[in-house]
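Take a first look at the model below. The report then walks through it step by step.

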Amino acid sequence: MSSHAQNRARVIPLRPVPATPGPAPAPREPLWRDVVGDVLRRERLAQGRTLKDVAEDARISMPYLSEVERGLKEASSEVLAAAARSLGLGLTDVLSLAQQELARYSRTAPAGAPMGAVLLAA
């Protein structure tokens, strides 16, 4: 055996690789935190405000607000209310906008399709 052959690492896949690609997994239904985060981000950007500005005004850490906007954190009602006030909105305004988004997704989803299919396409 040559020394060149000894230096090659053997790759062992962690998951079996399907011989033929199957259908793509169904997109997931949107989570409330994703929709609320989208509403907060959309409102902030519509006002031309920075994440830092809104976070400071709401007395929320900037990394935490960023995670809320990206749907990575489930914010408490107190945090959502503070972010909403910083944007000149009430908590009911943010929740109403989020509910409208969910209703829009459910109306535009193909019959029998999970709502996530529309969320990912939007």
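What follows covers the overall make-up, one helix, and a set of charged pairs.

**Overall make-up**

This is a predicted model. The chain has 122 residues, and 32% of them are buried. Its secondary structure comes to 7 helices and 0 strands. Read from the N terminus, the order of elements is α-α-α-α-α-α-α.

The chain exposes about 8,500 Å². Carbon and sulfur atoms supply 56% of that area. Contacts also reach along the sequence: among those between residues at least 6 apart, 62% join residues at least 24 apart.

**Helix α6**

Helix α6 spans residues 91-108, which is 18 residues. From its first C-alpha to its last it reaches 26 Å, close to the 26 Å expected at 1.5 Å a residue.

Which residues of α6 are buried? They are Val-94, Ala-98, Glu-101, Leu-102 and Tyr-105. These residues lie on the same side of α6, because they cover an arc of only 95° around the axis. The face turned away from this buried side carries the exposed residues Thr-92 and Arg-107.

Glu-101 also takes part in a salt bridge, with Arg-104 as its partner. The two are 3 residues apart in helix α6, so about one helical turn separates them. The partners differ in cover. Glu-101 has a relative accessible area of 15%, which is under the 20% cut-off, so it counts as buried. Arg-104 has 32% and is partly exposed.

**Salt bridges**

A search of the whole structure finds 7 salt bridges. The table lists some of them, including the pair within α6.

| Pair | Closest N to O distance |
|---|---|
| Glu-69 and Arg-41 | 3.1 Å |
| Glu-69 and Arg-44 | 2.7 Å |
| Arg-104 and Glu-101 | 2.9 Å |

**The network around Glu-69**

Glu-69 appears in two rows of the table, once with Arg-41 and once with Arg-44. Arg-41, Arg-44 and Glu-69 are linked in a network of salt bridges.

Where do the partners sit along the chain? Glu-69 forms its salt bridge with Arg-41. This pair links distant parts of the chain: Glu-69 is in helix α4 (residues 62-69), Arg-41 is in helix α2 (residues 32-46), and 28 residues separate them. The side chains of Glu-69 and Arg-44 meet in a salt bridge too. That pair also links distant parts of the chain, with Arg-44 in helix α2 and Glu-69 in helix α4, 25 residues apart.

Are these residues buried or exposed? Glu-69 is buried, with a relative accessible area of 2%. Arg-44 is buried as well, at 8%. Arg-41 has 29% relative accessibility and counts as partly exposed.

The side chain of Glu-69 makes polar contacts too. One joins it to the side chain of Arg-41 at 3.1 Å. Another joins it to the side chain of Arg-44 at 2.7 Å.

Which residues does Glu-69 touch, not counting residues up to four places away in sequence? They are Gly-37, Asp-38, Leu-40, Arg-41, Arg-44 and Leu-51. Both salt-bridge partners, Arg-41 and Arg-44, are among them.

**In brief**

The predicted chain has 7 helices and 0 strands. Helix α6 has its buried residues on the same side. Buried Glu-69 is linked with Arg-41 and Arg-44 in a network of salt bridges.

Technical notes: Residues are numbered from 1 along each chain as its sequence is written. This is a predicted model: local features need pLDDT of at least 70, side-chain atom pairs count only at pLDDT 80 or more; totals for chains, interfaces and linings use all residues. Side-chain values use heavy atoms; hydrogens and water are left out. Helices (H or I, at least four residues) and strands (E, at least two) are DSSP runs, numbered from the N terminus. The expected span of a helix is 1.5 Å times one less than its number of residues. Buried means under 20% relative accessible area, exposed over 50%, partly exposed in between (1.4 Å probe, protein chains only). The arc is that of the directions from the helix axis to the C-beta atoms. Contact means heavy atoms within 4.5 Å. Accessible areas come from the Shrake-Rupley method with a 1.4 Å probe; for residues, only the protein chains shown count as cover. A salt bridge is a side-chain nitrogen of Lys or Arg within 4 Å of a carboxyl oxygen of Asp or Glu. A polar contact is a pair of N or O atoms within 3.5 Å; within protein, one must be able to donate a hydrogen and the other to accept it, and residues adjacent in sequence count only if both atoms are side-chain atoms.
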